[in-house]
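Student: I would like a close look at one part of this model, the helix packing. Please take me through it in one go, with whatever context helps.

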Amino acid sequence: MFVLYETPAGYAIFKLLDDNKFKEIDNLYLEFETPEKANKIVKLKHFEKFADTTEALSAATAAVEGKLSKPLKKALKKLVVDDVQNELLVADAKLGNAIKDKMSLQCVANTSVQELMRCIRTQSESLLSGLPKKEMTAMSLGLAHSLSRYKLKFSPDKIDTMIVQAQCLLDDLDKELNNYMMRVREWYGWHFPELGKILTDNVAYVKTIKLVGMRENMADTDLSDILMEEVEQKVKEAAEISMGTEISEEDITNIQSLCDEIISITEYRTHLADYLKARMMAMAPNLTVLVGEQVGARLIAHSGSLVNLAKHPASTLQILGAEKALFRALKAKKDTPKYGLIFHAGMVGSASIKNKGRISRSLAAKASLATRVDAFGDDVTMQLGIDHRAKLETRLRMLEEGNNKRLSGVKAKAKLQKFHAVSEVKTFKVATDSTLPSTSSKKLKAEDEAANAPSPKKKKIEEIEPEMGEPSTEKKKKKKKKNKEEGAAEETMMDDSVAAAEEETPTSTKKNKKSKAKKAAAEQDDE
């Protein structure tokens with residue numbers, strides 16, 4: 001059983017003298033406490049030294065990628081010729097598979113091998129004879145530097161580093177500009193406080209101070225290149241009646257030097273923003289079209305690289321940047337946040353409050369697809385991002401208008417109409433109880449006929465099926481005749497009762513008059 005040990009100077013192949021010691025990995029480090037004990041367990045069989053740093057770099061890069069390098073292949077050929085049946089202990093499983101495919105040599109890579117490699121590394125100076133410690137240190141340092149430069153040069157994510165650094169620098173410049181502007185406004189505000197209320201733009205404020213200096217010079221200075229005519233007139237009028245304190249020339253010189261710094265930082269920030277936009281359009285054009293260059297750069301910076309961002313699902317991308325709020329909501333069992341860094345995208349900002357959550361979810365889904373195309377696609381163009389943005393704008397317009405029709409063409413469900421229950425309870429007609437002559441029998445008859453009149457639907461059914469409905473129509477006619485006869489009898493009875501009442505009323509009035517006259521005559525006789 002042989003052991004392949006990689007060093008900055010070359011490849012070393014050791015022979016394992018005692019196979020039983022390899023099985024007892026728990027106490028294996030005790031066997032490597034001294035060089036004498038280590039030489040009893042492993043013995044150097046062959047050492048393939050690198051010719052120069054270039055060969056060492058190529059061997060190291062091949063080992064990192066899991067490939068078989070030329071010096072290693074040369075060293076293993078001798079081993080295969082000498083011992084065909086032996087196994088080879090390798091630290092890297094990928095490298096072991098490559099050796100097995102090319103050399104037909106059985107390789108072993110497990111935790112026991114890792115422990116054995118760790119023990120050999122502790123006694124490498126004594127086991128590798130002819131390599132001084134200083135030379136080994138210099139070789140390892142040179143190889144480390146070369147390998148780092150190689151990784152940076154050929155790294156597929158090297159442009160991500162530039163984007164991340166540019167975005168972080170933009171954030172730092174914004175913070176510095178805010179601090180400087182706050183200091184200038186407070187400092188110059190003692191001399192001319194009214195200027196800060198008139199000029200809200202920071203760049204115009206700083207340029208005005210740089211050009212004018214003292215407020216007494218405001219009336220004689222031409223500010224047409226910086227301000228509009230109306231604003232310039234207001235500034236000059238405010239300078240004449242200003243309530244600020246007087247300052248010296250030295251003070252105004254320091255303020256103007258600070259203004260120079262602000263102007264230079266602002267110009268550099270503009271240049272850096274253009275650089276970031278160009279980088280984002282070259283690196284992730286579809287993501288830039290959807291969310292903008294600054295939001296896209298923040299998403300890439302937060303996840304580490306464009307490839308890492310492409311590995312995130314849409315739900316993670318939606319709340320990226322709001323991790324504290326998410327875990328706080330999960331701990332308190334409350335509603336989780338609906339958006340993170342994606343909230344600053346222009347499309348989410350243009351949506352109303354009730355639709356921000358919906359449009360952020362849709363935007364995160366499209367941005368996730370666009371990121372994967374940008375990261376893993378070949379000959380990437382921005383056409384996918386333009387198409388997705390058009391769909392999202394249509395979706396936002398439909399949400400704002402209140403129409404929930406789907407974009408896929410499926411019609412929305414019909415709205416359910418409210419059910420109005422019709423009461424079938426029959427009410428009692430008070431008019432039928434009345435015996436007064438005012439309620440004529442004709443009205444009652446008309447109401448009965450209207451109540452008993454068949455509905456138009458029933459008439460249509462009767463027309464469609466005339467043969468089946470003949471006996472029922474005859475019965476109805478007979479009932480109508482009976483109702484008419486009964487109605488006529490009731491009318492005659494009512495007329496007789498009314499006539500009798502009319503005849504009784506005059507006779508009763510005559511009797512009352514006679515009784516009153518008799519009483520009056522009797523009273524006169526008594527007197």
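Tutor: What follows goes through two helix pairs, then a pocket, then the confidence of the model.

This is a predicted model. Two packed helices are described by the angle between their axes and the distance between the axes.

Start with α20 and α21. Helix α20 covers residues 356-376, and helix α21 covers residues 383-401. Their axes lie 10 Å apart, at an angle of about 175°. Angles over 145 degrees count as roughly antiparallel, so α20 is roughly antiparallel to α21. On the α20 side, the contact uses Arg 358, Ile 359, Ser 362, Leu 363, Lys 366, Leu 369, Ala 370 and Val 373. On the α21 side, these meet Leu 384, His 388, Leu 392, Arg 395, Leu 396 and Leu 399. By class, this contact of α20 with α21 has nine nonpolar, two polar and three charged residues.

Now take α13 and α15. Helix α13 spans residues 249-283, and helix α15 spans residues 293-303. The axes are 10 Å apart, and the angle is about 70°. That angle falls within 65 to 115 degrees, so α13 and α15 are roughly perpendicular to each other. Arg 269, Leu 276, Lys 277 and Met 280 of α13 make the contact with Glu 293, Gln 294, Gly 296, Ala 297 and Ile 300 of α15. The class count for α13 with α15 is four nonpolar, two polar and three charged residues.

Next, the second largest pocket. Its space is about 440 Å³. The lining has 22 residues, with Tyr 5, Glu 6, Thr 7, Pro 8 and Met 136 nearest the centre. Elements giving two or more residues to this lining are β1 (2-6), α3 (53-64), α7 (124-127) and α8 (133-154). By class, the lining residues are 15 nonpolar, three polar and four charged.

Finally, confidence. The mean pLDDT of the chain is 79, and 74% of residues reach 70 or more. Over residues 456-473, pLDDT stays under 50, and the model has two contacts beyond four places in sequence for this stretch. Residues 501-510 also have pLDDT below 50, with zero contacts beyond near neighbours in sequence.

Key. Residues numbered from 1 in each chain as written. Predicted model: local features only at pLDDT ≥ 70, side-chain atom pairs only at ≥ 80, totals over all residues. Heavy atoms only, no water. pLDDT = per-residue confidence, 0-100. Contact = heavy atoms within 4.5 Å. Axes fitted to C-alpha atoms, helices over the stretch in contact; angles between N-to-C directions. Helix = DSSP H or I, 4+ residues; strand = E, 2+ residues; numbered from the N terminus. Parallel < 35°, antiparallel > 145°, perpendicular 65-115°, else oblique. Nonpolar A, V, L, I, M, F, W, Y, C, P; charged D, E, K, R; others polar. 1 Å grid on protein atoms, 1.4 Å probe; cavity = no way out; pocket = protein on both sides within 12 Å on 5 of 7 lines; lining within 4 Å. Points joined across faces, edges and corners; volume = space filled by probe spheres on them.
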